[in-house]
Amino acid sequence: MTTTVLIWGLGLSLGLMTFLFIFRIVLTWYPQVNQQRFPFNLIVWPTEPFLVVTRKIVPPLGGVDITPIIWVGIFSLLREMLIGQQGLLRMM
């Protein structure tokens, strides 16, 4: 029972973060959007702490910030490794 709740909660959290980073990628296509205004700040607020750290390590490539793409990959990989069909928590 506890494992099921953990898998459900972790899956929801990792899925939500992946979704937010995908929206963050889409927001970069519209530079005129004020990211400090509602509802865009709901996307920026939880993702920015991750991006700030990553931007220090990975500079923009050709003027394009690829850090949200990196985080989509990281969260997708974590989700698959932990709660995927053969994930660590599923095998417990």
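These legends accompany several close-up views of a predicted model.

**View 1. The whole chain: three helices in a row.**
Let's start with the overall picture before moving in. The secondary structure of the protein comes to three helices and zero strands, and the order along the sequence is α-α-α. Taken along the principal axes, the C-alpha atoms fill a box of roughly 45 × 30 × 20 Å. Of the 92 residues in the protein, 28% are buried. Contacts between residues at least 6 apart in sequence include many that reach further: 51% of them join residues at least 24 apart.

**View 2. Residues 6-27, a stretch with a UniProt annotation.**
An unreviewed UniProt entry lists residues 6-27 under "transmembrane region". In the predicted model this span is 100% helix and 0% strand, and its end C-alpha atoms lie 31 Å apart.

**View 3. Where helix α1 meets helix α2.**
Here we look at α1 (residues 2-28) together with α2 (residues 41-57), whose axes come within 9 Å. The two axes cross at roughly 85°, so α1 and α2 are roughly perpendicular to each other. The contact is made up of eleven nonpolar, one polar and three charged residues. On the α1 side you will find Met17, Leu20, Phe21, Phe23, Arg24 and Leu27. Facing them from α2 are Leu42, Ile43, Val44, Pro46, Thr47, Glu48, Phe50, Leu51 and Arg55. Ile43 is a handy residue to centre on: leaving aside neighbours within four places in sequence, Ile43 is in contact with Leu20, Phe23, Arg24 and Leu27.

**View 4. The largest nonpolar core.**
Eleven residues form this core: Leu14, Met17, Leu20, Phe21, Ile25, Leu27, Ile43, Leu51, Trp71, Val72 and Phe75. The elements giving two or more residues to the core are α1, α2 and α3 (67-83). Helix α1 provides the largest share, with six residues.

**View 5. Leu14, a core residue of helix α1.**
Leu14 sits in helix α1 and belongs to the largest nonpolar core. With a relative accessible area of 7%, Leu14 falls under the 20% cut-off and is therefore buried. Which residues does Leu14 contact, leaving aside its neighbours within four places in sequence? The partners are Phe75, Leu78 and Arg79. For a sense of distance, try Gly63: Leu14 and Gly63 are 49 residues apart in sequence and 28 Å apart in space, C-alpha to C-alpha.

**View 6. Thr67, a buried residue of helix α3.**
Now turn to Thr67, which lies in helix α3. Is Thr67 buried or exposed? Its relative accessible area is 0%, so Thr67 is buried. Not counting residues up to four places away in sequence, Thr67 touches Leu51, Thr54, Arg55 and Val58. Two of these names may be familiar from View 3, since Leu51 and Arg55 are among the α2 residues that meet α1.

**View 7. Val64, in the loop between α2 and α3.**
Our last stop is Val64, found in the loop between α2 and α3. Val64 is partly exposed, with a relative accessible area of 47%. How far apart in space are Val64 and Thr28, C-alpha to C-alpha? The distance is 9.0 Å, while in sequence Val64 and Thr28 are 36 residues apart.

Notes: Residues numbered from 1 in each chain as written. Predicted model: local features only at pLDDT ≥ 70, side-chain atom pairs only at ≥ 80, totals over all residues. Heavy atoms only, no water. UniProt positions renumbered as here; feature names shortened; annotations may be inferred. Helix = DSSP H or I, 4+ residues; strand = E, 2+ residues; numbered from the N terminus. Axes fitted to C-alpha atoms, helices over the stretch in contact; angles between N-to-C directions. Parallel < 35°, antiparallel > 145°, perpendicular 65-115°, else oblique. Contact = heavy atoms within 4.5 Å. Nonpolar A, V, L, I, M, F, W, Y, C, P; charged D, E, K, R; others polar. Core = buried A, V, L, I, M, F, W, Y, C linked by side-chain atoms within 4.5 Å. Buried < 20%, exposed > 50% of the residue type's maximum accessible area, 1.4 Å probe, protein only.
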